[in-house]
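Subject: Structure for your review

Dear colleague,

Please find the structure below, together with its sequence. A short account of the findings follows it.

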Amino acid sequence: MKSLIDTLEIKGTLSKEEFVELLSGYTEEDTEYAREKAAKTANQYFDNKVYTRGLIEFTNYCKNDCYYCGIRRSNTNVVRYRLSDEDILSCCEQGYELGFRTFVLQGGEDLRYSDEDMIRIISSIKKNYPDCALTLSIGEKSYDSYLAFYKAGADRYLLRHETANEEHYRKLHPASLSLQVRKQCLRDLKAIGYQVGTGFMVGSPYQTADNLAEDLLFIKELSPAMVGIGPYLPHHDTPFAEEKQGSMELTLFLISILRLMIPNALIPATTALGTIHPLGREKGIMSGANVVMPNLSPVSVRKQYELYDNKICTGEEAAECRFCLQNRMHQIGYEIVTARGDFVPLQ
């Protein structure tokens, strides 16, 4: 296994068979070996710096019915909300004062928002905070929509592919959704010029080592700027309510693998990691991640943006969340910085 990890570090990839072997037979000693290499690599590119992204969850309406998601269309127990333009700008104002220089506008695929609405919101944010980066995470759109948002000032786009295997994709999503469409969206975003992020759930129902190997190979092919992964966590109002949660250990191992695959990538230590273990985000950073995403959404709506059960930080004000994370990172020898934290291509 150590030989495979060494090969990965040198070549930046493995064959599918080698990835399957690595993911099927690793030991705790192997994960520590990979972690040390990943931490060293992250330190080489980013020193001990951790970038922050201010997350604004502006709508929990969604037209989709993904079997794993708490805000799926069929869940009638969700208290739905939409933030007004003024609410969103207020979140940005508060975040800016706290030192955030990247805002992430995230929501379900809400049909209420036209392209013109999104362009207005994007333009307002960029007009008020021209020195900040703006990331969108609002799902599948047409090429023309993505282009219009980019021209309005959006810099980055997060669109997790969730699984690169067609058969596995079908088990997680209704027939109205298509893996090929999702992959094409990611390619469109790259072609337009966005800093693109993708990713997947670790331990989602029916997932195999083969599936994970395909995920890693797809990510290598796509060569994204950002990769977000987190353990699968069930939600009580979904068809997968009784499925077991994903493994923190495997998630951390995969973060290390991704750091060795794409040394300069922006990799978050996700909220899901912090939910599955009190020190999950710290462990993620020490495994090679270099981004954290505190929540700037109004406390009054945070509990309603519940993709999975027991999500952390739903009751903390933004300032509390920001300084809590700063202290947590400091305790493990890392420093939160206020820079935009743009992706820097390898020379």
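I begin with one residue at the surface: Glu29 is exposed, with a relative accessible area of 52%. Here, buried means under 20% relative accessible area, exposed over 50%, and partly exposed in between, calculated with a 1.4 Å probe on protein chains only.

Please note that this is a predicted model, in which local features need pLDDT of at least 70 and side-chain atom pairs count only at pLDDT 80 or more, while totals for chains, interfaces and linings use all residues. Residues are numbered from 1 along each chain as its sequence is written, and side-chain values use heavy atoms, with hydrogens and water left out.

Salt bridges

A salt bridge is a side-chain nitrogen of Lys or Arg within 4 Å of a carboxyl oxygen of Asp or Glu. The structure contains 27 salt bridges. In one of them, the side chain of Glu29 meets that of Lys2, with 2.7 Å from N to O. This pair connects distant parts of the chain, since Lys2 lies in helix 1 (residues 2–11) and Glu29 in helix 3 (residues 28–46), 27 residues apart. Helices (H or I, at least four residues) and strands (E, at least two) are DSSP runs, numbered from the N terminus. Lys2 counts as partly exposed, at 32% relative accessibility.

Are the partners Arg72 and Asp65 buried or exposed? Both Arg72 and Asp65 are buried. The closest N and O atoms of their salt bridge are 3.6 Å apart.

A further salt bridge joins the side chains of Asp155 and Lys126, at 2.8 Å from N to O. This pair also links distant parts of the chain: Asp155 is in the loop between helix 6 (143–152) and strand 5 (156–158), whereas Lys126 is in helix 5 (residues 115–128), 29 residues apart. Asp155 is buried because its relative accessible area is 17%, and Lys126 is buried because its value is 16%. Through salt bridges that share partners, Lys126, Asp155, Arg156, Arg340 and Asp342 form one network.

The surroundings of Ala152

Ala152 belongs to helix 6 and counts as buried, at 16% relative accessibility. Which residues does Ala152 touch, not counting residues up to four places away in sequence? With contact meaning heavy atoms within 4.5 Å, Ala152 touches Ile119, Ile122, Ser123 and Lys126. Ala152 and Arg120 are 32 residues apart in sequence, and their C-alpha atoms are 8.2 Å apart in space.

Yours sincerely,
A colleague
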